[in-house]
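Reader: I'm new to protein structures and don't know where to start looking. Could you walk me through one?

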Amino acid sequence: MTCKKCKEKPVIKLTNSHITLCKKCFTNYFEKKVKKTIRNHKLFKKGDKVGVALSGGKDSLTTLHILNKIAKQQRTTKLVAITIDEGIKGYRDKTLIFAKKYCKENDIELHIASYKETFGKKLDSIVKKTDTIPCSICGVFRRYLLNSKAKELKVNKLATGHNLDDEAQTILMNQFRNNLTVSARLGPITGLSDNKNFIRRIKPLYFVTEKEVMTYAYLNKLSTDFSECPYSHLNYRSKMRNFINQMEEIYSGSKHGIVNSFLEILPELKEKYTKENKSIKECEICGEPTSKEKCQTCIYAEKIKNG
Ligand code: SF4
Ligand code: ZN
Ligand code: ZN
């Protein structure tokens with residue numbers, strides 16, 4: 001077997017096709033696909049200041065690596081990295097090393113915010129005293145910190161490392177829970193409209209699969225440790241991930257099918273829920289966007305404070 005383009009030794013067989021590619025051709029193919037997503041969906045423009053949510057895992061390092069290449073070419077796009085340290089021993093402390101190393105070697109400004117500093121406790125201590133699933137608290141706190149840090153740094157867009165697998169899982173999770181309001185905020189660029197209080201998220205890896213990201217990160221020496229968070233097996237997403245992977249195994253193309261069919265109906269969903277979602281308020285405690293009086297972050301933070 002040889003590379004379809006140059007006849008070198010192949011390193012990967014592309015999903016949904018019989019095409020095999022070598023390291024160089026795969027890297028080209030991957031970067032082109034990501035750049036096309038940025039261009040077609042107008043994820044950011046020259047002159048924007050883009051914050052990259054950098055966990056130090058394969059997805060966020062790949063996102064930062066490609067955006068850094070683009071920023072260097074464009075010169076006017078400014079890049080900063082934002083890392084949230086949840087306080088997960090044996091996991092986040094390891095990926096933080098990769099995040100710091102990459103930013104140092106590539107001269108990228110890195111800003112770190114931690115749960116311990118902001119909420120007084122690390123996630124490891126928080127979960128010992130609650131029955132709530134760790135990811136429910138962690139996801140809310142991370143979104144809050146990323147948004148507030150991004151505003152503080154005056155970034156226009158916040159880039160995350162979500163890939164096609166992640167999006168397929170989120171779409172089905174919302175579907176299974178009858179939660180279309182949340183689905184209306186999905187897509188390569190999230191949010192219903194420009195809201196000065198909520199920095200829009202962009203997903204440059206939207207159309208590449210997890211397997212492709214893993215291959216890119218490995219081949220380009222961005223990450224060699226693909227270990228997962230010790231709490232991830234407890235969440236709904238991990239069950240959905242197994243389910244979709246099993247379906248993909250039997251019915252090749254299932255992941256692309258979920259995402260592409262969703263994108264066809266997304267404009268209608270956005271239209272419907274933009275009208276219904278005009279009433280975004282500001283949290284009476286912290287001022288972050290919320291649909292209630294107090295945001296979920298402040299509700300959790302109060303519970304933690306009161307033990
Ligand atoms: Fe937090 Fe859950 Fe992600 Fe772990 S898997 S970092 S607990 S959201
Ligand atoms: Zn090749
Ligand atoms: Zn709040």
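Author: Sure, let's go through the metal sites, the strands, the cores and a few single residues. Keep in mind that this is a predicted model.

Reader: Okay, metals first. Which residues hold the zinc ion (ligand 2)?

Author: To read a metal site, you look for the protein atoms that act as donors. Here the donors are the SG atoms of Cys3, Cys6, Cys22 and Cys25, lying 2.3 Å from the zinc ion (ligand 2). Along the chain they follow the spacing C-x2-C-x15-C-x2-C. One pair links distant parts of the chain: Cys6 sits in the segment before strand 1 (12–13), and Cys22, 16 residues apart from it, sits in the loop between strand 2 (20–21) and helix 1.

Reader: What arrangement do the four donor atoms around that zinc ion (ligand 2) make, and why?

Author: You go by the angles. Four donors count as tetrahedral if all angles lie between 85 and 135 degrees. The donor atoms around the zinc ion (ligand 2) subtend angles of 103 to 116°, so the arrangement is tetrahedral.

Reader: Is Cys22 buried or exposed?

Author: Here you need a cut-off: buried means under 20% relative accessible area, exposed over 50%, and partly exposed in between. Cys22 has 6% relative accessibility, so Cys22 counts as buried. Cys6 has a relative accessible area of 34%, so Cys6 is partly exposed.

Reader: And what coordinates the zinc ion (ligand 3)?

Author: Try the reading you just learned. The SG atoms of Cys283, Cys286, Cys295 and Cys298 coordinate the zinc ion (ligand 3) at 2.2 to 2.3 Å. In sequence, these donor residues are spaced C-x2-C-x8-C-x2-C. The four donor atoms subtend angles of 108 to 114°, which makes this arrangement tetrahedral. Cys295 and Cys298 are both buried.

Reader: Now the strands. How many bridges join strand 3 to strand 4?

Author: With paired strands, you ask about the direction and the bridge partners. Strand 3 and strand 4 run parallel and are joined by five bridges. One thing to find on your screen is Ala53, whose bridge partner in strand 4 is Ile82.

Reader: Which way does strand 4 run relative to strand 5?

Author: Those two run parallel, with six bridges joining strand 4 to strand 5 (residues 109–114). Ala81 stands opposite Leu110 in strand 5, and Thr83 stands opposite Ile112 in strand 5. As a general idea, side chains in a regular strand alternate between the two faces of the sheet. As for covering, six of the eight residues of strand 4 are buried.

Reader: What handedness does the unit of strand 3, helix 2 and strand 4 have?

Author: For a strand, a helix and another strand, you follow the path over the helix. Strand 3, helix 2 and strand 4 make a β-α-β unit that is right-handed. Strand 4 carries on into another such unit: with helix 3 and strand 5, it makes a right-handed β-α-β unit.

Reader: What about the inside? How many residues does the largest nonpolar core have?

Author: In a core, you look for buried nonpolar residues whose side chains are joined up. The largest one has 37 residues, and those with the most contacts inside it are Phe26, Phe30, Phe44, Leu64 and Leu67. Among the elements that give two or more residues to this core are helix 1 (23–40), strand 3 (49–53), helix 2 (58–74) and strand 4 (78–85). Helix 2 provides the largest share, six residues. For a close-up, pick Leu67: its contacts include Ile38, Phe44, Val50 and Leu79. There is also a second, separate core of 28 residues, which includes Val80, Phe119, Tyr144 and Ile304.

Reader: Which phi does Lys42 have?

Author: Phi is a backbone angle, and its sign is the thing to check. Lys42 is a residue other than glycine, yet its phi is positive, near 45°. Lys42 lies in the loop between helix 1 and strand 3, and counts as exposed because its relative accessibility is 65%. Arg75 also has a positive phi, of about 65°, although it is not a glycine. You'll find Arg75 in the loop between helix 2 and strand 4; with 74% relative accessibility, Arg75 counts as exposed.

Reader: Last one: what does His256 touch?

Author: Contacts can reach residues far off in sequence. His256, in helix 11 (residues 254–276), touches Asn16, Leu164 and Thr209. His256 and Thr209 are 47 residues apart along the chain, with 8.9 Å separating their C-alpha atoms. With a relative accessible area of 18%, His256 is buried.

Notes: Residues numbered from 1 in each chain as written. Chains lettered and ligands numbered in written order. Predicted model: local features only at pLDDT ≥ 70, side-chain atom pairs only at ≥ 80, totals over all residues. Heavy atoms only, no water. Core = buried A, V, L, I, M, F, W, Y, C linked by side-chain atoms within 4.5 Å. Buried < 20%, exposed > 50% of the residue type's maximum accessible area, 1.4 Å probe, protein only. Helix = DSSP H or I, 4+ residues; strand = E, 2+ residues; numbered from the N terminus. Contact = heavy atoms within 4.5 Å. Donors = N, O, S within 2.8 Å, 3.2 Å for Na, K, Ca; no water. Tetrahedral: all angles 85-135°; square planar, octahedral: opposite > 155°, others 65-115°. Pairing = 2+ DSSP bridges. Right-handed = clockwise from strand over helix to strand, strands pointing away. Lists of a residue's contacts leave out its neighbours within four places in sequence.
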